[in-house]
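Open the model in your viewer with the sequence panel alongside. The stops below are given in the order in which to select them.

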Amino acid sequence: MPAQCSSCTDKRAVLKRPKTGHSLCKECFFWAFEEEVHQTIVAAELFKSGESVGIAASGGKDSTVLAHVMKLLNERYNYGLELMLISVDEGITGYRDDSLETVKRNQQQYELPLKIVSYEELYGWTMDAIVKQVGLKNNCTFCGVFRRQALDRGAVMLKVDKICTGHNADDVAETVLMNVLRGDIARLRRCTAISTSSEGEGVVPRCKPLKYAYEKEIVLYAYFKKLDYFSTECIYSPNAYRGYARTFLKDLESIRPSTIIDIIHSGENLSVREGVKMPVQGTCSRCGYISSQALCKSCVLLEGLNRGLPKLGIGKHHRLHDKILSQQPLTEKEERKLKSVDF
Ligand code: SF4
Ligand code: ZN
């Protein structure tokens, strides 16, 4: 006999929840998933009535589920939020152009305003052009740094109070693991936070309503709800380091299903010993964005691209920042070291 839904005991179960192991019918799963996101939002007081909130939308499953659930909960529980979609166009032919079509359809389906900010407009470079110069090894560093700032710029243009992103539990666990492996204590301390307040001018507070949602459940939710999302991977997606962390976590999860939540829990409860040196936040002397160095990462990467010295922003070249700012020429040796893309 097919299993009955363990919640309503009325209908037939169509899935076993990865998070709890419960057999549920479609409706009970939808309800459980949505309620958990609602509980996350309420418990962490992510929003205040009257706020305008930009949903970072890529057309992928996470942000599509986020937009769908945010709209639904905003109506179901009268959050009183004004929701909008913000998308970043990295300029990746055959990938982002297609996924942005999905976002445009989502905009119609959810009747939300949409703002698209592009790398080309903001930086004068598309990812296609960047990859041509830097190759396929460090491209995600450029893309990640530019995206962070691009989203903030989009949010400032839309005058939203907050940005919410579709980061799920698996993403957060991966990031904890990666920061441990890299010894990046400052990021390790920040990366499990469900929301970050504004750290300075032009930086919009962010939050992650899907922080405790398992990726597997997001996929099931999108599938059973028949949401319109784009599932192709980026054509420039080596991101080897994250890939290893991801595979490692998946392997662990197959032996111990609670791995993801356990790692998040560890990250949340870590405290950093007093006296550990943390970067001091200041502002970039060129663009005014937050930075712990004279120049922000984005400006350094951009300078490297514009000068044909792609290695400038990769690795530690802080002592060159002052030289760049005062427009002093680099020595031949410095140039040579920064030119090669074999890094
Ligand atoms: Fe950008 Fe890398 Fe993500 Fe592609 S995989 S969108 S290049 S960060
Ligand atoms: Zn800058």
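Which residues does I55 touch, not counting residues up to four places away in sequence? Select I55 and show its contacts (heavy atoms within 4.5 Å): L66, A67, M70, L83, M84, L85, I86, L112 and C164.

Before moving on, note that this is a predicted model, in which local features need pLDDT of at least 70 and side-chain atom pairs count only at pLDDT 80 or more, while totals for chains, interfaces and linings use all residues. Residues are numbered from 1 along each chain as its sequence is written, chains are lettered from A and ligands numbered from 1 in the order in which they are written, and side-chain values use heavy atoms, with hydrogens and water left out.

**Strand 3**

Next, select strand 3, residues 52-56. Strands (E, at least two residues) and helices (H or I, at least four) are DSSP runs, numbered from the N terminus. Five of the five residues of strand 3 are buried, where buried means under 20% relative accessible area, exposed over 50% and partly exposed in between (1.4 Å probe, protein chains only). S52, G54 and A56 lie on one side, V53 and I55 on the other, and both faces are covered.

Add strand 4, which runs parallel to strand 3 and is joined to it by five bridges. V53 has L83 as its bridge partner there. To get from strand 3 to strand 4 the chain passes through helix 2, and this β-α-β crossover is right-handed (with the strands pointing away from the viewer, the path from the first strand over the helix to the second runs clockwise).

Now add strand 6, residues 162-164, which pairs with strand 3 in the parallel sense over three bridges. Here V53 stands opposite K162, and G54 stands opposite I163.

Widen the selection to the whole open sheet: six strands in the order 5-4-3-6-8-7, with mixed pairing. Two strands pair if DSSP finds at least two bridges between them. Strand 5 (114-118) and strand 7 (195-196) are the edge strands, each pairing on one side only.

**The cores**

Select F33, F47, I55 and M70, the residues with the most contacts inside the largest nonpolar core, which has 40 residues. Such a core is a set of buried Ala, Val, Leu, Ile, Met, Phe, Trp, Tyr and Cys residues joined through side-chain atoms within 4.5 Å. Helix 1 gives the largest share of this core, seven residues. Apart from it lies another core of 30 residues, among them A56, Y95, V131 and F146.

**The zinc site**

Go to the zinc ion (ligand 2) and select C284, C287, C296 and C299, whose SG atoms are its protein donors at 2.2 to 2.3 Å. Donors are N, O and S atoms within 2.8 Å of the metal (3.2 Å for Na, K and Ca); water is not among the atoms, so sites may look incomplete. Along the chain the donors follow the spacing C-x2-C-x8-C-x2-C. The arrangement is tetrahedral because the angles are 107 to 115° (four donors count as tetrahedral if all angles lie between 85 and 135 degrees). C287 is partly exposed, at 35% relative accessibility, whereas C296 is buried, at 2%.

**Helix 12**

Finish with helix 12, residues 297-307, which is largely enclosed by the rest of the structure because eight of its eleven residues are buried. The zinc donor C299 is one of these buried residues. Just after helix 12, G308 takes a positive phi of about 70°.

Definitions and conventions:
Four donors count as tetrahedral if all angles lie between 85 and 135 degrees; four count as square planar and six as octahedral if opposite donors are over 155 degrees apart and all others between 65 and 115; anything else is irregular.
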